[in-house]
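This briefing goes with the structure shown below. The points are grouped by topic.

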Amino acid sequence: MTAVTGADLLQAANEMTRVLLPHRERDWTVPAGTLTWSCWTTAAHVAHDLLAYAGQVTGLPQDAYLPYDLRVSPTAKPAQVLTVVHACAGLLAAAVDTTGPDARAWHFGPCDPAGFAAMGVAETLLHTYDITVGLGVPWLPPQRLSTLVLGRLFPEAPDGPAPDVLLWMTGRVELPGRARRTSWVWRAAVD
């Protein structure tokens, strides 16, 4: 299994920006795919999670998430929210790449920096997909990044094209011969 790195996080954030920035003038108040959140709220959620993961990796709490939160200004335009996502991805990438692989922080158990990186890539890819569905933009997560996420967070994933399997594992699509999942959990904790 290849460890997920800061470079992978930045690649995911760059892909999110590449795909969504051309649609920044569209109505981002529409639901993001099947989520109840708007496209705008979903993008802000990605930034929130990336920053929370960065705090975990640098603070190394052992029993809970650090008690802080990210608030994106409600007047921020979609392009600005994407910039916030990219900034938070950079913070998590720096945290992951400068923290030793043996470090552990809490995410429903002890999690290493590569696990937080994998979750950050997953959040970015999956919610980019949700937003593209909401905006009516055809897109699938990149093959290599999907493969990394599956290898780390979903070791029980079935065979198949990694982008499709990742979307199926997280309840977003059906796979041939497999009904859409209605619940799922990824496995980031180690030890």
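In this predicted model, the C-alpha atoms at the two ends of residues 10-131 are 19 Å apart. Helix makes up 59% of that span and strand 3%. The UniProt record, an unreviewed entry, lists residues 10-131 as "domain: Mycothiol-dependent maleylpyruvate isomerase metal-binding".

**Overall fold**

- The protein chain contains 6 helices and 2 strands, in the order α-α-α-β-β-α-α-α from the N terminus.
- Its radius of gyration is 16 Å, close to the 16 Å given by the globule rule for 191 residues, so the chain is as compact as a globular protein of that length.
- The C-alpha trace extends about 45 × 45 × 25 Å along its principal axes.
- Among contacts in the protein chain with a separation of 6 or more, 66% are between residues 24 or more positions apart.

**Helix 6**

- Helix 6 covers residues 162-169, and 7 of its 8 residues are buried, so the helix is largely enclosed by the rest of the structure.
- Those buried residues are Ala162, Pro163, Val165, Leu166, Leu167, Trp168 and Met169.
- Their cover includes helix 4 (113-135) and helix 5 (143-153).
- Gly171, just after helix 6, has a positive phi of about 75°.

**Burial, surface and charge**

- Of the 191 residues in the protein chain, 52% count as buried.
- The exposed area of the protein chain is about 9000 Å², of which carbon and sulfur atoms supply 58%.
- The protein chain carries 13 positive and 17 negative charges, and the mean positions of the two sets lie 5 Å apart.

Notes
Residues are numbered from 1 along each chain as its sequence is written. This is a predicted model: local features need pLDDT of at least 70, side-chain atom pairs count only at pLDDT 80 or more; totals for chains, interfaces and linings use all residues. Side-chain values use heavy atoms; hydrogens and water are left out. Buried means under 20% relative accessible area, exposed over 50%, partly exposed in between (1.4 Å probe, protein chains only). Helices (H or I, at least four residues) and strands (E, at least two) are DSSP runs, numbered from the N terminus. Contact means heavy atoms within 4.5 Å. UniProt positions are given in the numbering used here, feature names are shortened, and annotations may be inferred rather than shown by experiment. The radius of gyration is taken over C-alpha atoms; the globule rule is 2.2 Å times the number of residues to the power 0.38. Accessible areas come from the Shrake-Rupley method with a 1.4 Å probe; for residues, only the protein chains shown count as cover. Lys and Arg count as positive and Asp and Glu as negative; His and the chain ends are not counted. The place of a charge is taken as NZ of Lys, CZ of Arg, CG of Asp or CD of Glu.
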